[in-house]
Every structure is written in C-alpha cells, then in structure tokens.
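Subject: A structure for you to explore

Hi there,

Here is the structure I promised to pass on to you. Have a look around it first, and then read my notes below.

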Amino acid sequence: MSLSLVASGAWVGSASTSGTITPALPAGWAAGDLIVAVVHYKQTAASISIPAGWTDSGFAPASANAAAYAAGAGNTRTTMVYRTALAGDTAPVFTLTGGSTTNTTGNVMIGQTSAFRATSGSYRVACDPLI
C-alpha cells in the first residue's frame with residue numbers, strides 16, 4: 001500500500017485572536033482520499049475546535065520559544081486532523097477560542113489541507129504523538 005499526494009490547498013490565515021479559518025479542500029480531491037488538515041496558531045492558553053467528522057491525530061507539539069514564531073512572544077501550537085473524504089464534503093472550519101496573544105502583526109492562525117490517494121491497496125492512519 002502506498003499513498004500519493006493529490007494536491008495541497010492554499011494556506012489561509014486570520015489575524016483575529018478569536019476567529020475562524022476555512023482552509024479550502026485541495027483541487028482534485030475525490031471520495032475515498034485521505035484529507036489531512038494542519039492548523040498552526042500563536043496563542044497562550046487557547047484551543048482549536050475540531051470540525052465534526054474529523055479525527056484529531058494527537059499530533060499537537062507546543063513551543064514556548066518566542067523566536068519560533070516570527071520573533072513574537074507567546075506559545076505556538078500545531079494541530080493535525082484527518083478524515084476519509086466523502087462525496088459532497090465541504091471545507092473544514094476551525095475556530096480559535098480562549099487565551100490571549102501578544103502578536104500585533106500578521107496571522108495569529110494559519111491552516112492548510114492536503115489530499116492523499118492510495119495508489120495500491122488501502123490505508124490505515126496511525127499517528128505517533130511523540131514525533
């Protein structure tokens with residue numbers, strides 16, 4: 001079994017400290033594809049909502065290093081979710097809630113989706129949150 005990248009959508013961002021982003025599904029996706037969404041955000045004590053029907057991979061590293069995010073202060077976090085695409089799927093909506101930010105320029109939250117297709121056999125998603 002192997003997967004190949006179909007496409008990745010454009011990165012989208014929000015400068016709001018409590019807003020939403022809707023990363024578009026990538027061009028060429030089809031029912032049965034593995035869709036992965038990655039959302040990166042800069043907040044202190046904040047969380048991202050996981051859209052219904054999506055599975056949290058458990059991959060959520062955090063960095064308290066201010067230099068890790070555009071020389072700003074505060075924490076950065078990454079959340080990765082996935083789902084098997086169904087006909088008629090729409091783009092996921094991620095909402096940032098809680099916390100505060102010291103970011104005064106640029107995006108507080110960014111996200112992107114990618115589609116992968118099995119080129120032979122089938123796939124099973126297994127994530128190691130210790131990566």
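Please keep in mind that this is a predicted model.

**The overall picture**

Let's start with the secondary structure. The protein has ten strands and zero helices, so if you walk along the chain from the N terminus, the elements read β-β-β-β-β-β-β-β-β-β. The chain has 131 residues, and 35% of them count as buried. About 6,600 Å² of the protein is exposed, with 57% of that supplied by carbon and sulfur atoms. How far apart in sequence are the residues that touch? If you take the contacts between residues at least 6 apart in sequence, 82% of them join residues at least 24 apart.

**How strands pair up**

Strand 8 (residues 76-84) is a good place to begin. Nine bridges tie it to strand 4 (residues 34-42), and the two run antiparallel. One pair to find on screen is Ile35 with its bridge partner in strand 8, Arg83. Strand 8 also has two bridges to strand 6 (residues 55-56), again running antiparallel. There, Asp56 stands opposite Val81 of strand 8.

Next, look for an open sheet of three strands, in the order 3-9-5 and with antiparallel pairing. Which strands stand at its edges? They are strand 3 and strand 5 (47-48); each has a single partner strand, so one side of each is left without a neighbour in the sheet. Strand 5 is joined to strand 9 by two bridges, and Ser47 stands opposite Thr97 in strand 9.

**The nonpolar core**

In soluble globular proteins, nonpolar side chains tend to be buried together. In this model, the largest nonpolar core has 15 residues, and those with the most contacts inside it are Ile35, Val39, Tyr41, Ile48, Phe94, Leu96 and Met109. The elements that give it two or more residues are strand 4, strand 9 (94-97) and strand 10. Strand 4 gives the most, with four residues.

Two of these core residues are worth a visit. Tyr41 lies in strand 4 and counts as buried because its relative accessibility is 5%, under the 20% cut-off. Tyr41 and Arg77 are 36 residues apart in sequence, yet their C-alpha atoms are 5.4 Å apart in space. Met109 has a long list of neighbours beyond four places in sequence: among them are Val12, Ile21, Val39, Tyr41, Ile48, Phe94 and Leu96.

**Three buried residues to look at closely**

Is Ser114 buried or exposed? Ser114 sits in strand 10 (residues 109-120), and with 12% relative accessibility it counts as buried. Its side chain makes a polar contact of 2.7 Å with the side chain of Ser8. Leaving out residues up to four places away in sequence, Ser114 touches Leu5, Ala7, Ser8, Pro26, Leu34, Ile35 and Val36. Notice that Ser8 is in this list as well as being the polar partner.

Gln112 is also found in strand 10. Its relative accessible area is 17%, so Gln112 is buried. What does the side chain of Gln112 reach at 2.8 Å? It is the backbone oxygen of Gly9. Other residues that Gln112 touches, beyond four places in sequence, include Ser8, Ala10, Trp11, Pro23 and Val38.

That brings us to Pro23, which is placed in the loop between strand 3 (20-21) and strand 4. Pro23 has 0% relative accessibility and therefore counts as buried. Pro23 and Thr113 are 90 residues apart in sequence, while the distance between their C-alpha atoms is 6.3 Å. Outside its neighbours within four places in sequence, Pro23 is in contact with Val12, Ala91, Pro92, Phe94, Gly111, Gln112 and Thr113.

**A route through the model**

If you would like a path to follow, start at Ile35 and its bridge partner Arg83, then go to Tyr41 in strand 4. From there, move to Met109, which touches Tyr41. Finish with the polar contact between Ser114 and Ser8.

Enjoy exploring, and write back with any questions!

Best wishes

Methods. Residues are numbered from 1 along each chain as its sequence is written. This is a predicted model: local features need pLDDT of at least 70, side-chain atom pairs count only at pLDDT 80 or more; totals for chains, interfaces and linings use all residues. Side-chain values use heavy atoms; hydrogens and water are left out. Buried means under 20% relative accessible area, exposed over 50%, partly exposed in between (1.4 Å probe, protein chains only). Contact means heavy atoms within 4.5 Å. Accessible areas come from the Shrake-Rupley method with a 1.4 Å probe; for residues, only the protein chains shown count as cover. A polar contact is a pair of N or O atoms within 3.5 Å; within protein, one must be able to donate a hydrogen and the other to accept it, and residues adjacent in sequence count only if both atoms are side-chain atoms. Two strands pair if DSSP finds at least two bridges between them. A nonpolar core is a set of buried Ala, Val, Leu, Ile, Met, Phe, Trp, Tyr and Cys residues joined through side-chain atoms within 4.5 Å.
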